[in-house]
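Here is a walk through one structure, from its pockets to its helix packing. Keep the model open as you read.

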Amino acid sequence: MARQAEDRAPDGRAERGRQSRVKIADAVLALLDEGEMHFAADRVAERAGVSRRLVFHHFADMAQLIETAIARRLEQLMEQIQPLPTQGSRSARVAALTEQRARILEWITPAQLTTMRLERRSERIDEVTRQVLDLARERLATVFAEELGRAPAGRAADLLNGLDAVTTWGAWYHWRSSGLDVDAAHRAMETSVHALLAATDQAADRADSTDRADSTDSGR
């Protein structure tokens, strides 16, 4: 029995340590969501309900703690990217996509601004950021597969690049920092997506006209 207790003890300590690290990182995120941009160890410890000593027991310094918190926020973002409709009217698909993107991009803005101020970024942050961007692009390709399939040869990638540009954080932050409120920024994104997709209608109309002309010529 004593041996079994000894074997379980390290696992128990490891789990308690993991829970403490998560609690401390979540305290940083809570402060971040409240608008704080500078994180004193005493303030974080108070919010987490732990001692200042325990903060530095789990993290080498505040920079490491903030990086851990930002990586955790990015992982939480991944969980919020829910499936979107891939069929139905274009208006419904655009509305669903832009509603989700606007909500997530506004939510992630404090973390993004903090990331921009980091003197160095960990490989973990870079890796999760890349995963988020790749997933967002894949979702665009799936949701608008019908329109992208109508694009002229070689132009589908250009169209997808454009859609990607107007639905990621860079565009969102531009609209918000230029004075648009959340609703106006959402409308700007929705309008931009519709405008880009309209180019595929023109391509489809030209293709239909060519097909009708070929059919007429062959019938003569």
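The largest pocket of this predicted model holds about 290 Å³ of space. Its lining counts 17 residues. L77, L105, V132, L133 and W169 lie nearest the centre of this pocket. Four elements give two or more residues to the lining: α4 (62-80), α5, α6 and α9 (169-177). The largest share comes from α5, with 6 residues. By class, the lining has 10 nonpolar, 6 polar and 1 charged residues.

Now turn to the second largest pocket. About 240 Å³ of space lies there. M37, H38 and F39 are among its lining residues. So are M62, A63, I66 and E67. T114, R117, L118, E119 and R120 line this pocket too. The elements giving two or more residues to this lining are α4 and α5. Here the largest share, 4 residues, comes from α4. The lining divides into 6 nonpolar, 2 polar and 4 charged residues.

Next comes the helix packing. Two packed helices are described by the angle between their axes and the distance between the axes. Take α4 and α5. Their axes come within 10 Å and cross at roughly 170°. An angle over 145 degrees counts as roughly antiparallel, so α4 is roughly antiparallel to α5. On the α4 side, the contact uses I66, I70, R73, L74, Q76, L77 and Q80. They meet Q100, R103, I104, W107, I108, A111, Q112, T114 and T115 in α5. The residues of this contact divide into 8 nonpolar, 6 polar and 2 charged. Some names return from the pockets. L77 belongs to this contact and is one of the residues nearest the centre of the largest pocket. I66 and T114 also take part in the contact, and both line the second largest pocket.

How do α4 and α6 cross? Their axes come within 9 Å, at an angle of roughly 20°. Angles under 35 degrees count as roughly parallel, and α4 and α6 are therefore roughly parallel to each other. Their crossing is left-handed. From α4, the contact takes in E67, T68, I70, A71, L74, E75, L77 and M78. Their partners in α6 are R124, I125, V128, T129, Q131, V132 and L135. By class, this contact has 9 nonpolar, 3 polar and 3 charged residues. L77 and V132 are part of it, and both are listed among the residues nearest the centre of the largest pocket. I70, L74 and L77 of α4 meet residues of α6, and they are also in the contact with α5.

That leaves α5 and α6. Helix α5 spans residues 90-117, and helix α6 spans residues 123-143. They pack at an angle of about 165°, with their axes 12 Å apart. The two helices are therefore roughly antiparallel to each other. α5 passes α6 in a left-handed crossing. R93, L97, R101 and T115 are the α5 residues of this contact. They meet I125, A136, R139, L140 and V143 in α6. The contact has 5 nonpolar, 1 polar and 3 charged residues. T115 of α5 takes part here, and T115 is also in the contact with α4. I125 of α6 meets α5 in this contact, and I125 appears in the contact with α4 as well.

Key
Residues are numbered from 1 along each chain as its sequence is written. This is a predicted model: local features need pLDDT of at least 70, side-chain atom pairs count only at pLDDT 80 or more; totals for chains, interfaces and linings use all residues. Side-chain values use heavy atoms; hydrogens and water are left out. Axes are lines fitted to C-alpha atoms, for helices over the stretch in contact, and angles run from 0 to 180 degrees between N-to-C directions. Angles under 35 degrees count as roughly parallel, over 145 as roughly antiparallel, 65 to 115 as roughly perpendicular and the rest as oblique. A crossing is left-handed if the near helix is turned anticlockwise from the far one by less than a right angle, and right-handed if clockwise. Contact means heavy atoms within 4.5 Å. Ala, Val, Leu, Ile, Met, Phe, Trp, Tyr, Cys and Pro count as nonpolar, Asp, Glu, Lys and Arg as charged, and the others, Gly among them, as polar. On a 1 Å grid over the protein atoms alone, a cavity is a set of points where a 1.4 Å probe fits but cannot get out, and a pocket is an open set with protein on both sides within 12 Å along at least five of seven lines; lining residues have an atom within 4 Å of a point. Grid points are joined across faces, edges and corners, and a volume is the space filled by probe spheres set on the points.
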